[in-house]
Amino acid sequence: RWLAPLWAGAAALLLATTPAWLYGAGAGQIEPRLALFAFAGLLAAAEARKAGSLQHAALAGLAAGFYAAGKFSGLFFVAAAGLVVLARPAPARVALGYALAVLVAGFQWYAWNTFHSGDPIFPGLFSVLGVRDPSLWNEAVDVVFRDVLSAESPAKPAIFWLFAYPFAASTGLGFRIWDAGRTGFGPFGLLVLPFVLAGLWRFRARIGTSPLVSVMGGALAFYVLWILVGPSQRIRHFMPLLPAFLLCATIVAERYAAARHGPFLASAVALALAVHMAANLLFALPYLRFHVSGESRDSFLARHLTGYAVVPWLNANLSSGDRVLLAERQLHYYIEPQFYSAAPAKQALIDLRDASRDVRRQWMQMRGQGITHLLLVPGLGEPSPGSAHRHLGRALVEAGCAEIARTLHVRQLP
């Protein structure tokens, strides 16, 4: 709509090769999929704001609702897109159409949560609403949960980080938990920033009439809300807004550079793509070797996935009546027997907090969930610091309530 085919293709290629995008889409994370709803929702919201269109407001509401149904962070997007729709005086039917569309597309998961726990964003409102079934969640586990969330947001809410976060996330200089070192936004934003700033100044008289202002405004509203009050600052939570930022930046930069600075902008795009493709090639090398060497799937996964060496044994030796307790999320897709994913901060049915040492109670909780096997990574014989699962496993063995079925050497990746 706004770019010539060559520039549109360049923007699409920049998006598809951005390290964070490659990582998220390649690892099966939901954020690149949610970007489809975010992008469509912002475009529709911009049209709704421009013309007071009920149809576009409803479309924006459907997109925002599906985003919220996919992940709790979508609630922030519902607010951001709603601000765009209602940024100018509009008929009440437009606001009502947006709200009803959001509910139609997104209410199911929140209704399910409310019915089963009493908390629509369980366990987010536990401190306010409590929980219907105390076995599902309790204050002790909630404290651990809040500590984990606190660690996810090391940059405390401040005006400084509103401006510094994109730069840190593009250069890998931010906090390690952001995942910016290997999966950042890439250099394009920094390379194109001078063109964007110059373009905004040159076209300042036309900014107010452009629908792109609404698109960028909605994306910025989500960004500000999430940075200030969101529960995690990991880069992947911003991925759904990346297409909108990328589109707006490319359009403004292209408009400014078209007259005299086209070669400089083209060079910036080429450099960014070169960096992206080099990083892509670096991380693709193990997969290329796999296809060329004829290595077995199990051998490849054992080298590149922490703890995978236990999977073939579990699949071969556990029956349909067994159920294994584990905390290794990366193994979920590969394990064929039943399993119970248990982390101290994410469930309360089996108390695995470090402060809990009531082995009899833990054993009864495990039996109540049908647990027959406990996966320990690292194992009991490892000298490295253990986890809650390891403490429980050692206590069960020492109490004569469990025995070591098999010890396997696994690879621990950083």
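This text walks through a predicted model of one protein chain, from its overall build to its inner spaces and a few single residues.

The chain has 414 residues, and 41% of them are buried. Its regular parts are 18 helices and three strands. Taken along the principal axes, the C-alpha atoms fill a box of roughly 80 × 55 × 40 Å. One pair of residues gives a feeling for these distances: N317 and V213 are 104 residues apart in sequence, and their C-alpha atoms are 59 Å apart in space. N317 belongs to helix α16, which covers residues 310–317. Its relative accessibility is 45%, so N317 counts as partly exposed, the class between under 20% and over 50%.

The next topic is empty space inside the protein. Two cavities of 30 Å³ or more are counted. The largest cavity holds about 50 Å³ of space. Its lining consists of A20, Y23, W178, D179, T183, I235, R236 and M239. Sorted by class, this lining has five nonpolar residues, one polar residue and two charged residues.

The second largest cavity also has a volume of about 50 Å³. Around this second cavity stand L352, R353, S356, R357, V359, Q362, A388, H391, L392 and A395. Two helices, α17 (359–368) and α18 (388–398), each give at least two residues to the lining. Helix α18 supplies the largest share, with four residues. By class, the lining of the second largest cavity contains five nonpolar, three polar and two charged residues.

Pockets, unlike cavities, are open. The second largest pocket has about 1400 Å³ of space. Its lining is made up of 43 residues, and those nearest the centre of the pocket are V196, M216, F245, C248 and A249. The elements that contribute two or more residues to this lining are α9 (159–171), α11 (188–202), α12 (211–229) and α13 (242–257). In the lining of this pocket, 34 residues are nonpolar, seven are polar and two are charged.

C248, one of the residues nearest the centre of that pocket, leads to the question of cysteines. How many disulfides does a search of the whole structure find? The search finds zero. A disulfide is a covalent bond between the sulfur atoms of two cysteines. The surroundings of individual cysteines can still be compared with the cut-offs for burial. C248 has a relative accessible area of 5%, so it falls under the 20% limit and is buried. C401 has a relative accessible area of 42%, and it is therefore partly exposed.

Aromatic rings are the next topic. The model contains 21 aromatic pairs. One of them joins Y165 and F238, with 5.1 Å from centre to centre and 55° between the planes, an arrangement classed as tilted. Y165 sits in helix α9, whereas F238 sits in the loop between α12 and α13, so this pair ties together parts that are 73 residues apart in sequence. Both Y165 and F238 are buried.

A further pair is formed by F175 and W178. Why is this pair edge-to-face? The ring centres of F175 and W178 lie 5.3 Å apart with the planes at 70°, and planes over 60 degrees apart count as edge-to-face. The two partners are placed in separate burial classes. F175 has 33% relative accessibility and therefore counts as partly exposed. W178 has 0% relative accessibility and therefore counts as buried. W178 also belongs to the lining of the largest cavity. The residues of both pairs are found in one aromatic cluster, formed by F160, W161, Y165, F175, W178, Y223 and F238.

A ring can also have a charge placed over it. The charged end of R204 sits over the ring of W201, at 3.9 Å from the ring centre. W201 falls within the residue range of helix α11 (188–202).

The last stop is a detail of the backbone. Most peptide bonds are trans. The peptide bond from F122 to P123, however, is cis, with omega near -5°. P123 is located in the loop between α6 (92–117) and α7 (126–129).

Methods
Residues are numbered from 1 along each chain as its sequence is written. This is a predicted model: local features need pLDDT of at least 70, side-chain atom pairs count only at pLDDT 80 or more; totals for chains, interfaces and linings use all residues. Side-chain values use heavy atoms; hydrogens and water are left out. On a 1 Å grid over the protein atoms alone, a cavity is a set of points where a 1.4 Å probe fits but cannot get out, and a pocket is an open set with protein on both sides within 12 Å along at least five of seven lines; lining residues have an atom within 4 Å of a point. Grid points are joined across faces, edges and corners, and a volume is the space filled by probe spheres set on the points. Ala, Val, Leu, Ile, Met, Phe, Trp, Tyr, Cys and Pro count as nonpolar, Asp, Glu, Lys and Arg as charged, and the others, Gly among them, as polar. A disulfide is a pair of cysteine sulfur atoms within 2.5 Å. Buried means under 20% relative accessible area, exposed over 50%, partly exposed in between (1.4 Å probe, protein chains only). Rings of Phe, Tyr and Trp (its six-membered ring) pair if their centres lie within 6.5 Å; planes under 30 degrees apart count as stacked, over 60 as edge-to-face and the rest as tilted. A charge sits over a ring if NZ of Lys or CZ of Arg is within 6 Å of the ring centre and within 35 degrees of the ring normal.
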